[in-house]
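Student: Please take me through this structure step by step, with the reasoning behind each answer.

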Amino acid sequence: MQFIKKINGNNSPTRVFVGGVHGKEGLATIEPLKQLSQMDVLNGELILFNCPESRYISTLDPDYYQTKMGQTIIKIIKKYKPEIYVELHCYKPSSYQKLINLNRKDEAGVPHS
Ligand SMILES: [Zn+2]
């Protein structure tokens, strides 16, 4: 089941945190998102969204935004117009070196962690 929650603070910024971007990641990201509360939002607002499972397609693939989840993310962004957008992803331990590779931006198109 999809999960969405809005936590209101004062003024800006608006933040959107999305879990379950693809594959089964949402099964792991739901609990950390559920634990966020009003105490974690001193300013602005926080919109949380999680999808437990969806088709796996890389978010770097332009076709991602044609998927149901990709379309959902676009709708959320258009609705809330966040200043800050964060995706929660899950990786296996063997991916760690790839994630911290200082050349990742040039090699994979995304910054290192
Ligand atoms: Zn991911």
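Student: At about what angle does helix 1 run to strand 2?

Tutor: This is a predicted model, in which local features need pLDDT of at least 70 and side-chain atom pairs count only at pLDDT 80 or more, while totals for chains, interfaces and linings use all residues. Residues are numbered from 1 along each chain as its sequence is written. Helix 1 lies across strand 1, strand 2 and strand 3, where contact means C-beta atoms, placed from the backbone, within 7 Å. With axes fitted to C-alpha atoms, for helices over the stretch in contact, and angles running from 0 to 180 degrees between N-to-C directions, helix 1 makes with strand 2 an angle of about 140 degrees.

Student: And what angle does the direction of helix 2 make with that of strand 2?

Tutor: Helix 2 (residues 68-80) packs on the sheet and touches strand 2, strand 3 and strand 4. The angle between its direction and that of strand 2 is about 170 degrees.

Student: In what order do the elements run from the N terminus on?

Tutor: Helices are DSSP runs of H or I with at least four residues, strands are runs of E with at least two, and both are numbered from the N terminus. By that rule the protein has four helices and four strands. Read from the N terminus on, these elements run β-β-α-β-α-β-α-α.

Student: Which strands stand at the edges of the sheet, and why is one side of each left without a neighbour?

Tutor: Two strands pair if DSSP finds at least two bridges between them, and the four strands here form an open sheet of mixed pairing in the order 1-3-2-4. Each edge strand has a single partner strand, so one side of it is left without a neighbour in the sheet. Those edge strands are strand 1 (3-8) and strand 4 (84-87).

Student: Which residue of strand 3 is the bridge partner of Val18?

Tutor: Strand 2 (residues 14-19) pairs with strand 4 in the parallel sense over four bridges, and Arg15 stands opposite Ile84 in strand 4. Strand 2 also pairs with strand 3 in the parallel sense, over six bridges. In strand 3, the residue bridged to Val18 is Phe49.

Student: How many of the six residues of strand 2 are buried?

Tutor: A residue is buried if 20 or more other C-beta atoms, placed from the backbone, lie within 10 Å of its own, exposed if 12 or fewer do, and partly exposed in between. Buried residues make up 19% of the 113 residues in the protein. Strand 2 is mostly covered, and the number of its residues that are buried is five.

Student: Within what arc do the buried residues of helix 1 fall?

Tutor: In helix 1, the buried residues are Glu25, Gly26, Thr29, Ile30 and Leu33, whereas Glu31 and Gln35 on the other side are exposed. What covers these buried residues includes strand 1, strand 2 and strand 3. The arc is that of the directions from the helix axis to the C-beta atoms. Seen down that axis, the buried residues line one face of the helix, because they fall within an arc of 125 degrees.

Student: Which strand gives the most to the largest nonpolar core?

Tutor: A nonpolar core is a set of buried Ala, Val, Leu, Ile, Met, Phe, Trp, Tyr and Cys residues joined through C-beta atoms within 7 Å. The largest one has 13 residues, of which Phe17, Val18, Ile47 and Leu48 touch the most other members. Strand 2, helix 1, strand 3 and helix 2 each supply at least two residues of this core. With four residues, the element that gives the most is strand 3.

Student: Is Lys81 buried or exposed, and why?

Tutor: Lys81 is found in the loop between helix 2 and strand 4, and it has a positive phi of about 45 degrees although it is not a glycine. Because 9 other C-beta atoms lie within 10 Å, Lys81 is exposed.

Student: Near what value is omega for the peptide bond from Ser12 to Pro13?

Tutor: Pro13 lies in the loop between strand 1 and strand 2. The bond from Ser12 to Pro13 is cis, with omega near 10 degrees.

How values were computed:
Contact = placed C-beta atoms within 7 Å.
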